[in-house]
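Here are some exercises to work through with the model open beside you. Try each task before reading its solution.

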Amino acid sequence: MIEIIETQETAAVPVTVKRESKPLKKILLICSKGTLEDVYAALVMTNGALMEGIEAKMFFTFFGLQAITKRGADNLHTATVGNPAFMPNMPTVVAGLPGFEAFASYMMKKEMDKLDIPPVTEFVQMIDAAGGEIYACKLAAEMFHLKKEDFLPEVKDIITVGDMYALADGDGSQIIFV
Amino acid sequence: METIVNVPVLATNEEGYLKNYKDWTEQWAIDVAAGNGIQLTDKHFQVIRWLRQKQDEGVALTIRKVGHSGIVDIKQFYQLFPGGPLKLSSKIAGIPKPVSCI
């Protein structure tokens, strides 16, 4: 696909500058956070890319690792304290009461279910079935004492930062950081 | 992308989706699929019929719903309609372009 983007009229002879538009071919999504909304943002964008025929890979690091552990995946929470966009009129003291965060997270999951947004483990399975690849960060895994068997079966490997960059090779690749 | 459609010529929008899904014929599906490099099998038609049935019922479709249809799982769905499975299968099934993000 070639589109004409501008015609320079200042030159003696008008010159047409052509630029090839390059479609996005591959994305690498880095998920560094373990809150419900951040993990879902990463999962939705990855799945959305696959739905468009874009190759997609995911790399989970730091607290994001929690989202791909067998124990943590379906138990993610949204932060009710230190999150000004969450119920703006809610006093921090109330939002910090025991059980409040669990309740808020439960309500959010219920709303998401209405929109046909799957739980994290099912979302990971969907991405895997669609050909997406999921990796865990080696350094963070060591920090949190997590081993291969602690992760969901769809997690392909535990890799280094260098290996991660290799995932994003080739023309038309982009890295998205969450 | 150009889609070559044999007779009868049906009204489509600029993206190639049927304007009226009731106009749909099997031949139209076969032609559109062929234009996208897909040769339709019985399995394809099962999915297409299921999609059309959901359209009749007014259900907004998602990949997840197709995966739970009992006809194909998500992996098979991607294999049957490579590239953008939900969009491509919707186009072939003559139903409007899906608007879901899931």
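**Exercise 1. Find how many residues each chain gives to the contact between chains A and B, and sort the side of chain A.**

Before you start: this is a predicted model, where local features need pLDDT of at least 70, side-chain atom pairs count only at pLDDT 80 or more, and totals for chains, interfaces and linings use all residues. Residues are numbered from 1 along each chain as its sequence is written, while chains are lettered from A and ligands numbered from 1 in the order in which they are written.

Step 1. Count residues in contact, meaning that their C-beta atoms, placed from the backbone, lie within 7 Å. Chain A gives 13 residues and chain B gives 14.

Step 2. Look for elements of chain A that give two or more residues to this side: they are α1 (36–51) and α4 (120–129). Helices here are DSSP runs (H or I, at least four residues), strands are runs of E (at least two), and both are numbered from the N terminus. With four residues, α1(A) supplies the largest share.

Step 3. Sort by class: Ala, Val, Leu, Ile, Met, Phe, Trp, Tyr, Cys and Pro are nonpolar, Asp, Glu, Lys and Arg are charged, and the others, Gly among them, are polar. You get seven nonpolar, four polar and two charged residues on the side of chain A.

**Exercise 2. Work out how α2 and α5 of chain B pack.**

Step 1. Take the axes as lines fitted to C-alpha atoms over the stretch in contact, with angles from 0 to 180 degrees between N-to-C directions. Helix α2(B) (residues 42–57) and helix α5(B) (residues 85–92) have axes 9 Å apart, at an angle of about 80°.

Step 2. Name the arrangement: α2(B) is roughly perpendicular to α5(B). The cut-offs are under 35 degrees for roughly parallel, over 145 for roughly antiparallel, 65 to 115 for roughly perpendicular, and oblique for the rest.

Step 3. Pick out the residues that meet: V47(B), I48(B) and L51(B) from α2(B), and S89(B), S90(B) and I92(B) from α5(B). This contact has four nonpolar residues, two polar ones and no charged ones.

**Exercise 3. Find the residues with the most contacts inside the largest nonpolar core.**

Step 1. Build the core from buried Ala, Val, Leu, Ile, Met, Phe, Trp, Tyr and Cys residues joined through C-beta atoms within 7 Å. Buried means 20 or more other C-beta atoms within 10 Å of the residue's own, exposed means 12 or fewer, and partly exposed is in between; C-beta atoms are placed from the backbone.

Step 2. The largest core holds 59 residues, and V39(A), F60(A), I68(A) and A136(A) have the most contacts inside it. Its largest share, eight residues, is from α1(A).

Step 3. Zoom in on V39(A): leaving out residues up to four places away in sequence, its contacts are C31(A), G34(A), G64(A), A67(A), L76(A) and V120(A).

**Exercise 4. Decide whether L24(A) counts as buried or exposed.**

Step 1. Locate L24(A) in the loop between β2 (15–20) and β3 (26–31) of chain A.

Step 2. L24(A) counts as exposed because it has 12 C-beta neighbours inside 10 Å.

Step 3. List its contacts, again skipping residues up to four places away in sequence: I54(A), G172(A) and Q174(A).

Key
Two residues are in contact if their C-beta atoms, placed from the backbone, lie within 7 Å.
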